[in-house]
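Open the model in a viewer and keep the sequence panel visible. The stops below are given in the order in which to select them.

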2 protein chains.
Amino acid sequence: MNKTHFRAEILKALGQPTRLKIIDFLRDGERCVCEIFPAIDEEQSNTSRHLNLMVSSGILFRRKEGVKIFYAVKHPEIFELVDLATLIMTQEINGRHKLLLAA
Amino acid sequence: MNKTHFRAEILKALGQPTRLKIIDFLRDGERCVCEIFPAIDEEQSNTSRHLNLMVSSGILFRRKEGVKIFYAVKHPEIFELVDLATLIMTQEINGRHKLLLAA
DNA sequence: CCATTATATGATTGATTAATCATATAATGC
DNA sequence: GCATTATATGATTAATCAATCATATAATGG
């Protein structure tokens with residue numbers, strides 16, 4: 001895999017609503033699957049798949065403790081990146097609003 | 001569309017190799033389609049579709065000049081966001097390398 | 001040892017995506 | 001007005017994706 005594909009994989013892993021909800025829920029630190037899936041209101045199996053995908057693409061890491069598996073965001077820059085997306089979104093919404101007002 | 005979906009759409013728009021190549025090529029400023037598609041080595045029609053998608057998701061804007069259409073990145077934060085993805089990628093590669101060395 | 005709890009995974013389905021070829025549209029210079 | 005250049009779009013195809021249901025695995029407490 002070349003670097004463009006690697007970068008794309010990271011961004012793609014973050015560019016999905018269910019996965020973004022997981023990232024947001026993990027802002028306060030690690031959580032086990034049994035906490036995550038009710039919090040984001042998704043099925044356990046679906047949540048598990050998304051968690052695994054994010055581990056594979058370097059977004060999350062996993063820690064086992066007894067029967068529970070805790071997931072956490074691997075790099076603090078992930079949050080910065082997501083926050084930038086939020087900022088861009090806000091600017092977009094404001095820009096569109098201004099256009100509507102000007103029309 | 002709610003905010004989670006909006007954020008996801010922005011990240012997803014950036015999380016595709018062909019589109020990342022376009023963003024990289026637009027770092028120096030606006031370019032017309034006829035410059036972009038040879039630079040990234042993709043078909044004109046495919047390039048056009050990706051450009052349109054990024055306009056729709058708020059990543060790029062378009063300016064018409066005669067028969068040419070110039071595209072440019074709409075928010076400087078887009079570059080910051082992509083650069084963060086590159087940083088995360090680098091950390092991942094280094095991390096994996098260290099693990100291999102330690103093993 | 002068994003029942004329970006936590007997590008992962010196989011199989012399936014419908015939806016979305018990226019790429020391609022062919023063609024349409026639209027501006028320009030002659 | 002016509003040929004040329006630049007761009008967009010319809011139709012198609014193969015691939016990937018997200019979600020779901022059912023089931024498997026694995027650790028724990030009693």
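Helices here are DSSP runs of H or I with at least four residues, numbered from the N terminus. The model is a predicted one.

**Stop 1: a residue in chain B**

Select T47(B), which sits in helix α4 of chain B. Is T47(B) buried or exposed? T47(B) counts as buried because its relative accessibility is 0%. Show its side chain and look for the backbone oxygen of E43(B), which the side chain reaches at 2.7 Å. Next, display the residues that T47(B) touches, leaving aside those up to four places away in sequence: I22(B), I36(B), F37(B), I40(B) and E42(B).

**Stop 2: helix α2 of chain A**

Move to α2(A) and select P17(A), T18(A), R19(A), L20(A), I22(A) and I23(A), which are buried. At the start of this helix, find Q16(A): a side-chain oxygen of Q16(A) comes to within 2.9 Å of the backbone nitrogen of T18(A).

**Stop 3: between chains A and B**

Color the two protein chains separately. To their contact, chain A gives 36 residues and chain B gives 36 residues. The chains bury about 3400 Å² between them, and carbon and sulfur atoms account for 73% of that area. Select R7(A), L11(A) and I88(A): together they supply 20% of the area that chain A buries against chain B, more than any other three residues.

Stay on R7(A) and add D24(B). The two form a salt bridge in which the closest N and O atoms are 2.5 Å apart. How many salt bridges cross the interface of chain A and chain B? The rule finds four. Residue pairs in polar contact between chain A and chain B, both at pLDDT 80 or more, number ten.

Now select α1 (3-14), α2 and α5 (77-102) of chain A, each of which supplies at least two residues of the side that touches chain B. Which element gives the most to that side of chain A? It is α5(A), with 15 residues. By class, the residues on this side of chain A are 16 nonpolar, nine polar and eleven charged.

**Stop 4: DNA strand D**

Select DNA strand D and the 24 residues that surround it; the closest are K12(A), H50(A), C34(B), R49(B) and Y71(B). Of the strand D atoms within 4 Å of the protein, 61% belong to sugar or phosphate, and the rest to bases.

Show the side chains of N46(A) and K64(A). A polar side-chain atom of N46(A) is 2.9 Å from a phosphate oxygen of strand D, and one of K64(A) is 3.3 Å from a phosphate oxygen of this strand. Then turn to Q44(B), where an N or O atom of the side chain lies 2.9 Å from a base nitrogen of strand D. The elements giving two or more residues to the surface near strand D are α2 (17-25) and α4 (44-56) of chain A, along with α3 (33-40), α4 (44-56) and β3 (68-73) of chain B.

**Stop 5: DNA strand C**

Finish with DNA strand C. The closest of its 24 surrounding residues are C34(A), R49(A), Y71(A), K12(B) and H50(B). Select Y71(A), which has a polar side-chain atom 2.6 Å from a phosphate oxygen of strand C. From chain B, add E43(B): an N or O atom in its side chain is 2.8 Å from a phosphate oxygen of the strand. The surface near strand C comprises seven nonpolar, nine polar and eight charged residues.

Note on methods. Residues are numbered from 1 along each chain as its sequence is written. Chains are lettered from A and ligands numbered from 1 in the order in which they are written. This is a predicted model: local features need pLDDT of at least 70, side-chain atom pairs count only at pLDDT 80 or more; totals for chains, interfaces and linings use all residues. Side-chain values use heavy atoms; hydrogens and water are left out. A residue is near a molecule or strand if one of its heavy atoms lies within 4 Å of it. A polar contact is a pair of N or O atoms within 3.5 Å; within protein, one must be able to donate a hydrogen and the other to accept it, and residues adjacent in sequence count only if both atoms are side-chain atoms. Contact means heavy atoms within 4.5 Å. Buried area is the accessible area (1.4 Å probe) that two parts lose on being put together, summed over both. A salt bridge is a side-chain nitrogen of Lys or Arg within 4 Å of a carboxyl oxygen of Asp or Glu. Ala, Val, Leu, Ile, Met, Phe, Trp, Tyr, Cys and Pro count as nonpolar, Asp, Glu, Lys and Arg as charged, and the others, Gly among them, as polar. Buried means under 20% relative accessible area, exposed over 50%, partly exposed in between (1.4 Å probe, protein chains only).
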